[in-house]
Amino acid sequence: MLEQCTCKAEEITILPCSGGSNCGQIANQAAVSLDTLGVGKIYCLAGIAAHIPGMVESTKSAKRLVAIDGCQVACAKKTIEHAGLKVTDWICVTDEGITKSHTFNLQQKDIDTISRKVKASLAKPTAVIN
């Protein structure tokens, strides 16, 4: 069932990749930007990966659970699912035409592109991603 999102920022949890590539770092910086703008709250993906009970339980209260991955390996999305949580919004940096590399001269335009993509996803009705 699809529902229009009427979530407040504290009801939107953002779990980004922060992997060892430009795309992982773009995902992370976009999440930081979204948190700073009050769109949602960034949360600790490592705590979810470690199955820390309190962190997993806290995440369950989110109405929207946003995974931002750097690439199609989808570590953030898979980590969330491995913890038994459901991703509602999934964004992949490389799907937006950003080439993965191991240089870290991040471009603000790329961070802005991913931030806009997350906002657009959150504007749509809720649907759990498979």
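A residue is called buried here when its relative accessible area is under 20%, exposed when that area is over 50%, and partly exposed in between, with a 1.4 Å probe and protein chains only. The structure is a predicted model, in which local features need pLDDT of at least 70 and side-chain atom pairs count only at pLDDT 80 or more, while totals for chains, interfaces and linings use all residues. Residues are numbered from 1 along each chain as its sequence is written, and side-chain values use heavy atoms, with hydrogens and water left out.

**Overall build**

The protein has five helices and four strands. Helices (H or I, at least four residues) and strands (E, at least two) are DSSP runs, numbered from the N terminus. Read from the N terminus, the order of the elements is β-α-β-α-α-β-α-β-α. The radius of gyration of the protein is 14 Å, close to the 14 Å that the globule rule gives for 130 residues, so the protein is as compact as a globular protein of that length. That radius is taken over C-alpha atoms, and the rule is 2.2 Å times the number of residues to the power 0.38. The C-alpha trace spans about 35 × 30 × 25 Å along its principal axes.

Of the 130 residues, 44% are buried. Contact means heavy atoms within 4.5 Å. Among contacts with a separation of 6 or more, 69% are accounted for by residues 24 or more positions apart. About 6,800 Å² of the protein is exposed, and carbon and sulfur atoms supply 55% of that area; the areas come from the Shrake-Rupley method with a 1.4 Å probe.

**Helix 1**

Helix 1 covers residues 22-36, which is 15 residues, and reaches 21 Å from its first C-alpha to its last, close to the 21 Å expected at 1.5 Å a residue. The expected span is 1.5 Å times one less than the number of residues in the helix. Its buried residues are N22, C23, G24, I26, A27, N28, A30, A31 and L34. They pack against strand 1 (12-16), strand 2 (41-42), strand 3 (64-69) and helix 5 (108-122). After helix 1 comes G38, with a positive phi near 80°.

N22 belongs to helix 1 and has a relative accessible area of 8%. Not counting residues up to four places away in sequence, N22 touches I98, T99, K100, S101, T103, F104 and L106.

**I80 in helix 4**

I80 lies in helix 4 and is buried, with a relative accessible area of 0%. Leaving aside neighbours within four places in sequence, I80 is in contact with L15, L45, I48, L65, A67, L85 and V87. V66 is 14 residues from I80 along the chain, and the C-alpha atoms of these two residues are separated by 9.7 Å.

**Positive phi outside glycine**

Phi is positive in H51, a residue other than glycine, and likewise in A74, also a residue other than glycine. The table gives the values and places.

| Residue | Phi | Loop between | Relative accessible area |
|---|---|---|---|
| H51 | near 55° | helix 2 (45-49) and helix 3 (53-60) | 35% |
| A74 | near 60° | strand 3 and helix 4 (75-82) | 7% |

H51 is thus partly exposed, whereas A74 is buried.
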